[in-house]
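Got the viewer open? Here's a short tour: select each piece as you reach it.

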Number of protein chains: 2
Amino acid sequence: MRIGEIAKRSDCDVETVRFYEREGLLDVPAREANGYRRYSEMHLVQLNFIRHCRSLGMGLADVRTLRSFQANPELACDEINQLIDGQIARIHQQVESLRLLERQLHMLRDTCHANQKISECGIIRNLTQAAEGEGCSCHPFGKPN
Amino acid sequence: MRIGEIAKRSDCDVETVRFYEREGLLDVPAREANGYRRYSEMHLVQLNFIRHCRSLGMGLADVRTLRSFQANPELACDEINQLIDGQIARIHQQVESLRLLERQLHMLRDTCHANQKISECGIIRNLTQAAEGEGCSCHPFGKPN
DNA sequence: CTTGACCCTGTGGTAGATACAGGCTGTCAA
DNA sequence: TTGACAGCCTGTATCTACCACAGGGTCAAG
């Protein structure tokens, strides 16, 4: 199949397929006489594997690692477990900080309900006061990373 | 104060301060005779405001918008509410999809506990099978964005 | 007089794509 | 036959929000 078809069948962009090839994640395909890429079913499996890992939030470096593990089936799978555990920890961490963020935003939002002038807007006042180090009426803000 | 001090007092990097200036988020400071940037307390408030918004997960475009609102206190604050509401929706969305992701990763992790060979590893098998379109023993995987 | 901590500009890199520019190939209809 | 249009090619630039240099200037202390 050609690049347009494999892209459609794996639900991603044509440019993304070429990008994965450049990155060494997807095997280099054969070429037709006119220079067009010619993909096999194996490429489709590879591409779906990559997209699946990406949908689990893994970075391309992790995908590369998993693919090399696949290529060496005699190795022990401790490293795979570690990789997945690391991924779980990262995601958990992200969830926690985003939930905190969500609560902070709700509190901020509650400081302004009515349609009033900006000079009286609780949100702007809140954000500005925090910036002036005068504390904040709705919560103790965290520092950016 | 000089750039090193304002950076330290707003808990960010010197390069980041120059970056905000280039991006037009932080007012251009005066210069000393030797060319060094000279900041006032006003700049510190501006910088803290930016860092505070960033800590709430807002993008620099939103910060720019908020700063322009600050500069026009006679406007109604409907737009500010919309901006914050949009931010809340984005964060909520992110939390939800990450929580789903976390559950999926836990299920995936549960398919491999023992120290065994990769050829028998449930994780690799799971990821590969999903890629082959044979379904997945632990859950229905979502597609990447 | 040298060391070391600052500061300057400018450029390039990160992740994971996305979006062209500019050009070739292939197929269909008028 | 000609023209339109979709699809493919390479290569480069763009995006976010910075971080990390290189290569150089400035300044106070020892």
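A residue is called buried when under 20% of its relative accessible area is left, exposed when over 50% is, and partly exposed in between (1.4 Å probe, protein chains only). This is a predicted model, where local features need pLDDT of at least 70, side-chain atom pairs count only at pLDDT 80 or more, and totals for chains, interfaces and linings use all residues. Residues are numbered from 1 along each chain as its sequence is written, chains are lettered from A in the order in which they are written, and side-chain values use heavy atoms, leaving out hydrogens and water.

**Stop one: α2 of chain B**

Select residues 14-22 of chain B, helix α2: B:V17, B:Y20 and B:E21 are its buried residues. Look down the axis of α2(B) and these fall within an arc of 105°, so they line one face of the helix. Now flip to the other side of α2(B), where B:E15 and B:R22 are exposed.

**Stop two: α3 of chain B**

Next, add α3 (41-55), which is among the elements covering the buried residues of α2(B). The axes of α2(B) and α3(B) come within 12 Å and cross at roughly 100°, so the two are roughly perpendicular (65 to 115 degrees). Show side chains: B:T16, B:V17 and B:Y20 of α2(B) meet B:L47, B:I50, B:R51 and B:R54 of α3(B), where contact means heavy atoms within 4.5 Å.

**Stop three: across the chains**

Finally, pick α5 in both chains, residues 78-109 of A and 78-110 of B; their axes come within 8 Å and cross at roughly 155°. That makes α5(A) roughly antiparallel (over 145 degrees) to α5(B).

Definitions and conventions:
Axes fitted to C-alpha atoms, helices over the stretch in contact; angles between N-to-C directions. Helix = DSSP H or I, 4+ residues; strand = E, 2+ residues; numbered from the N terminus. Parallel < 35°, antiparallel > 145°, perpendicular 65-115°, else oblique. Arc of directions from axis to C-beta.
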